[in-house]
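Dear colleague,

Here is the structure I promised to pass on to you. Please open it alongside this message, since the notes below follow it from the whole chain down to single residues.

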Amino acid sequence: MDGLLREPLLYSDIVESPASFMRSVRKTPSALQHTLRHAISCTGTGLHTGQSIRMSLHPAPAGQGIVFQRTDLPNATPIAAHYDNVVETRLSTVLGEAEHPENRVATVEHLMAALNGCGVDNVLVLIDGPETPVFDGSAADFVFLLDCAGRKAQDAPRRFIEVCKPIRICHNDSWAELHPTAGHHLHLSLSIDFPAKAIGQQSYSAELTPWSFRHELANSRTFTLKAEIEALHRAGLARGGSLDNAIVVDDDHILNPSGLRKPDEFIRHKVMDAVGDLYLAGGVLLGEFRGHRSGHALNNQVLRALFADQNAWRDITTSLPAASAA
């Protein structure tokens, strides 16, 4: 991480450690909304622009949700982290204003995944550039930021969105689906198929809980093929990419000297991306997400299709017992 700055605290303030953070997640009913206990700031490099980005996360009132605010654009309108504010999905999820294309924030999926996995509902994200910092290409440093900021329960119920009937989106041989399922967590089952021998065919299934996100998904890094890097650079993308923030694959070789963190790190990263993209539903999805070769575009399209059908979902914010959602 390029830099980390805490907002001033009183001597008596105590920031939750990762262990106490996890205990609070387990003990506090997850039917309650949560925000940050303290503001926290960081600096890092944008994956696609290569710019140095300063970002700060601030506590926000109950019901606000996750909101991004560009501080480098005068009078920029705050952008809610919502599926219908997604303006681009090429290589990352980009939030913005269609009427003011300069007001946008790219690569939000890793931060959104960390907020979803850690059970944080309301945050104001102040950022002085067009994308979030990439850090090491995973969500692990965002989890670290949330651990340092701490987590605070709010006197308001979380919004739970139950999937009531199957929704399917296809594009060529890629597809994404949402299905009803029992339980109080989001289930994810994804598969990928790449010609590069180092990746090949992989599949992974997980039930999204704070523990599973932190220990099974959060530190899985983004990846790219060596053959595609020059084309990305010609398109003005991946200018901040390096072996420090992405896995680079050359057919059957991993070019990163440290290798992989897990043998199936590629599919785990895809699942982590989906955790972030699906948090743009505006609440906690209860159902099962399935996909094959799904990316940011299909992840967003399946949400749009879900909410376009009033019979496909229902809001159970006030009907889910707090004890059963813990």
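How much area does the protein expose, and what share of it do carbon and sulfur atoms supply? The protein exposes about 14100 Å², and carbon and sulfur atoms supply 52% of that area, as computed by the Shrake-Rupley method with a 1.4 Å probe, where for residues only the protein chains shown count as cover.

Before the details, please bear in mind that this is a predicted model, in which local features need pLDDT of at least 70 and side-chain atom pairs count only at pLDDT 80 or more, while totals for chains, interfaces and linings use all residues. Residues are numbered from 1 along each chain as its sequence is written, and side-chain values use heavy atoms, with hydrogens and water left out.

Overall fold

The protein has seven helices and 22 strands, taken as DSSP runs numbered from the N terminus (H or I, at least four residues, for helices; E, at least two, for strands). Of its 326 residues, 54% count as buried, where buried means under 20% relative accessible area, exposed means over 50% and partly exposed lies in between (1.4 Å probe, protein chains only). Among contacts (heavy atoms within 4.5 Å) between residues at least 6 apart in sequence, 75% join residues at least 24 apart.

Three strands form an open antiparallel sheet in the order β7-β8-β9, pairing being assigned if DSSP finds at least two bridges between two strands. Its edge strands, β7 and β9 (104-105), each pair on one side only. Two bridges join β8 (residues 94-96) to β9, and Leu95 stands opposite Val105 in β9.

The interior

The largest nonpolar core (buried Ala, Val, Leu, Ile, Met, Phe, Trp, Tyr and Cys residues joined through side-chain atoms within 4.5 Å) has 73 residues, of which Phe68, Phe213 and Leu285 touch the most other members. Helix α6 (residues 265-278) supplies the largest share of this core, with seven residues. Apart from this core lies another, of five residues, among them Ala31, Phe160, Val284 and Leu286.

There are also five aromatic pairs, meaning rings of Phe, Tyr and Trp (its six-membered ring) with centres within 6.5 Å, counted as stacked with planes under 30 degrees apart, edge-to-face over 60 and tilted for the rest. The rings of Tyr83 and Phe307 have centres 5.0 Å apart and planes at 10 degrees, so this pair is stacked. The pair links distant parts of the chain, with Tyr83 in the loop between β6 (79-80) and β7 (86-88) and Phe307 in helix α7 (residues 296-308), 224 residues apart. Both Tyr83 and Phe307 are buried, and ring pairs link them with Trp313 into a cluster.

Two residues to look at

His110 lies in helix α2 (residues 109-117) and, at 5% relative accessibility, counts as buried. A polar contact of 3.3 Å joins its side chain to that of Asp273; such a contact is a pair of N or O atoms within 3.5 Å, where within protein one must be able to donate a hydrogen and the other to accept it, and residues adjacent in sequence count only if both atoms are side-chain atoms.

Lys226, in helix α5 (residues 226-234), is partly exposed, with a relative accessible area of 44%. Leaving aside residues up to four places away in sequence, Lys226 touches Val248, Val249, Asp250 and Leu255.

With best regards
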